[in-house]
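These are my notebook entries on a structure I went through element by element. I wrote down what I looked up, in the order in which I looked.

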Amino acid sequence: MEFRHESVLLNEVIEGLNIRPEGIYVDGTLGGGGHSFRIAARLSGEGRLIGIDQDADAIEAAGRHLTVYRDRCTLVRNNYENFAEVLDSLGIGQVDGILLDLGVSSYQLDNAERGFAYSQDAPLDMRMDQDASLSARDIVNSWSREELTRILQEYGEERFAARIAEKIVKEREKAPIERTGELAAIIRTSIPMKMQEKGGNPCKRTFQAIRIACNRELEVLQNSLGGMIDRLSPGGRIAVITFHSLEDRIVKTAFRTAENPCICPPEFPVCVCGRKSKGHQVTKRAIRPSPAETEMNSRAKSAKLRIFERNDDPQS
């Protein structure tokens, strides 16, 4: 299957990164290379793009897509949480821009065998890195009822989390739950029909929660943003596209903390903690897709773009 991913907020990202022709840019979620292609097109021969993705299919597809700019592109199969090691291995200190386009790609959703979609019956997998040891099958069949309830509540914001977790545990005692169709059926029988009729597929929240847990998505994001801001050169920018409130909350908090890191009590007349601002939020409010874009790509509806710019003074 061809690796396909609709690049969300493409023009807004390119404009927001304020690309310098001779700059160094990192696409931490390379995917099919849609955003990276446009970034590379803005670079001169002295510029450089580092594309990172943990999905081997994405690296292969992006390599083909970026062939025309191969002189300025370096693609690395890795998780973006290891971006500092990647840069160090390439002898790169600071960079002029970083992009994260979070969540699951259209290819991963549409390729049934990857096990991300609740609308197609396939083996339970959901690993973005197919060499990773933990799969959705492992979570569903081995995690405790309490742990399943927790992730469904925290990562899926599912009000029927306890009922779904209890049903999963009961069913797996009969036989291992191996396929997405089996899990989807369990979810549907755990949620009252009148609630299912109120809108949306009842499986969406549970599948999202298990996918996030399987790939440690929120943990990786939480642990990466601060370090990424620190590797920006003066005037450099980081742009992050999120697709649900949990991701957006993490990005918002990280950018706000980087802009206003002072921890002094509000009654103090002057700051004594010594923490200095690292820059400012270019987007005080998240940028949303236009109606035209969401009409063309329904998966863009929940997207939000936030951008942070590093201080011009590298000592601040």
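I take two strands as paired if DSSP finds at least two bridges between them. The model I am reading is a predicted one, and I keep that in mind throughout.

**Entry 1: a strand pair and its crossover**

I began with strand β2 (residues 48–53) and strand β3 (residues 73–77), which run parallel and are joined by five bridges. Within this pairing I found isoleucine 50 standing opposite threonine 74 in β3. Following the chain onward from β2, I passed through helix α3 (residues 56–65) before arriving at β3, and I noted that this β-α-β crossover is right-handed.

**Entry 2: salt bridges**

How many salt bridges does the structure hold? I have 25 in my notes. As a general reminder to myself, side chains of opposite charge can pair when their charged atoms come close.

I looked up three pairs individually, starting with arginine 127 and aspartate 125, whose side chains meet in a salt bridge at 2.7 Å, N to O. Arginine 127 has a relative accessible area of 19%, and because buried means under 20%, I count it as buried. Aspartate 125 is buried as well, at 9% relative accessibility.

The second pair is arginine 150 with glutamate 147, again a side-chain salt bridge of 2.7 Å, N to O. Both residues lie in helix α7 (residues 145–154), where they are three residues apart, about one turn of the helix. Here I recorded partly exposed side chains: arginine 150 has a relative accessible area of 27%, and glutamate 147 has one of 29%.

The third pair is glutamate 309 with arginine 237, whose side chains also meet at 2.7 Å, N to O. This pair links distant parts of the chain, since glutamate 309 is in strand β7 (residues 304–310) while arginine 237 is in strand β5 (residues 232–242), 72 residues apart. I found glutamate 309 buried, with a relative accessible area of 14%, and arginine 237 buried too, with 15%.

Besides these pairs I noted a network of salt bridges that links Asp55, Asp57 and Arg114.

**Entry 3: positive phi angles**

Which residue in the loop between α5 (106–110) and α6 (136–142) has a positive phi without being a glycine? I found methionine 126 there, with a phi near 70 degrees. Its relative accessible area is 0%, so I count methionine 126 as buried.

I made a similar note for asparagine 18, which is not a glycine either and has a positive phi of about 50 degrees. Asparagine 18 lies in the loop between α1 (10–17) and β1 (24–27). At 47% relative accessibility I list asparagine 18 as partly exposed, because that class runs between the 20% below which a residue is buried and the 50% above which it is exposed.

**Entry 4: two serines in helices**

Is serine 190 buried or exposed? I have it as buried, at 4% relative accessibility. Serine 190 is found in helix α9 (residues 180–190), and when I left aside its neighbours within four places in sequence, I found it in contact with Arg163, Ile164 and Lys167.

I then turned to serine 224 in helix α12 (residues 217–230), which counts as buried at 1% relative accessibility. With its neighbours within four places in sequence again left aside, serine 224 is in contact with Tyr80, Glu81 and Phe83. I also looked up its separation from serine 7, which is 217 residues in sequence and 22 Å in space, C-alpha to C-alpha.

**Entry 5: a nonpolar patch on the surface**

My last entry concerns Phe268, Val270 and Val272, which form a nonpolar patch on the surface and together have about 290 Å² of accessible area. I placed phenylalanine 268 in the loop between α13 (245–259) and β6 (279–281). Its relative accessible area is 38%, so I entered phenylalanine 268 as partly exposed. That value also fits the cut-off for a patch, because patch residues need over 30% relative accessible area.

Methods. Residues are numbered from 1 along each chain as its sequence is written. This is a predicted model: local features need pLDDT of at least 70, side-chain atom pairs count only at pLDDT 80 or more; totals for chains, interfaces and linings use all residues. Side-chain values use heavy atoms; hydrogens and water are left out. Patches are made of residues with over 30% relative accessible area and no salt bridge: like charges are joined within 9 Å, nonpolar side chains (Val, Leu, Ile, Met, Phe, Trp, Tyr) within 5 Å. Accessible areas come from the Shrake-Rupley method with a 1.4 Å probe; for residues, only the protein chains shown count as cover. A salt bridge is a side-chain nitrogen of Lys or Arg within 4 Å of a carboxyl oxygen of Asp or Glu. Helices (H or I, at least four residues) and strands (E, at least two) are DSSP runs, numbered from the N terminus. Buried means under 20% relative accessible area, exposed over 50%, partly exposed in between (1.4 Å probe, protein chains only). Contact means heavy atoms within 4.5 Å. A crossover is right-handed if, with the strands pointing away from the viewer, the path from the first strand over the helix to the second runs clockwise.
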